[in-house]
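Me: Please take me through the reasoning behind some labels, setting each value against its definition.

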Amino acid sequence: AAVDELPRIAPNVAWVGAMKVIQIDLKQPAKIEPVDEDIITMAGCDLGFIMPGNPPQVLQIEQGSDMASFNLRTDDVLVGVDGRDTRGVTKDELGKLLRAASRLTFERPGEDGGEEE
């Protein structure tokens with residue numbers, strides 16, 4: 001689906017060195033559902049706390065969901081919510097941040113795209 005067909009969320013993609021950075025502006029708060037002690041589902045995207053102290057990563061994306069339309073992939077990492085670093089936040093803190101979020105920042109580790117120096 002084209003971005004302008006989805007009034008709720010608009011993505012912005014940039015490269016920082018060799019790291020792909022994806023920013024998603026939420027037009028309204030996304031639906032947040034706690035799954036278990038390590039997983040939160042947001043707009044059809046399962047975010048998991050895999051390693052303590054690390055930001056949550058995408059575990060699964062439901063086909064046809066809002067997040068799937070922005071080409072998020074498994075293993076993308078949610079590094080920011082409204083400019084706040086997500087490293088070290090608890091699942092409960094992240095849930096609170098996501099409920100009020102207007103901008104999400106994801107990074108895609110290990111993907112080449114930037115220029116080598």
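Me: What makes the place of alanine 43 a loop between β4 and β5?

Reply: In this predicted model, strands are DSSP runs of E with at least two residues, helices are runs of H or I with at least four, and both are numbered from the N terminus. Strand β4 covers 39-42 and β5 covers 45-48, and alanine 43 is in the loop between them. The model being predicted, local features need pLDDT of at least 70 and side-chain atom pairs count only at pLDDT 80 or more, while totals for chains, interfaces and linings use all residues. Residues are numbered from 1 along each chain as its sequence is written, and side-chain values use heavy atoms, with hydrogens and water left out.

Me: Why does alanine 43 count as buried?

Reply: Buried means under 20% relative accessible area, exposed means over 50%, and partly exposed lies in between (1.4 Å probe, protein chains only). Alanine 43 has 14% relative accessibility, so this residue counts as buried.

Me: What is notable about the phi of alanine 43?

Reply: Most residues other than glycine have a negative phi. Alanine 43, although not a glycine, has a positive phi of about 50 degrees.

Me: Which label, buried or exposed, fits asparagine 71, and why?

Reply: Asparagine 71 has 56% relative accessibility and therefore counts as exposed. This residue is in the loop between β6 (57-61) and β7 (77-81), and its phi, near 60 degrees, is a positive value in a residue other than glycine.

Me: How do you know that aspartate 25 and arginine 103 meet in a salt bridge?

Reply: A salt bridge requires a side-chain nitrogen of Lys or Arg within 4 Å of a carboxyl oxygen of Asp or Glu. For the side chains of aspartate 25 and arginine 103 the N to O value is 2.6 Å, so the pair is a salt bridge. The pair links distant parts of the chain, with aspartate 25 in strand β2 (residues 19-26) and arginine 103 in strand β9 (residues 103-108), 78 residues apart. Aspartate 25, at 22% relative accessibility, counts as partly exposed, as does arginine 103 at 31%.

Me: What makes arginine 108 and aspartate 76 a pair that ties parts together?

Reply: Their side chains meet in a salt bridge at 2.7 Å, N to O. Arginine 108 lies in strand β9 and aspartate 76 in the loop between β6 and β7, so the pair ties together parts that are 32 residues apart in sequence. Arginine 108 is buried, because its relative accessible area is 4%, and aspartate 76 is buried with 1%.
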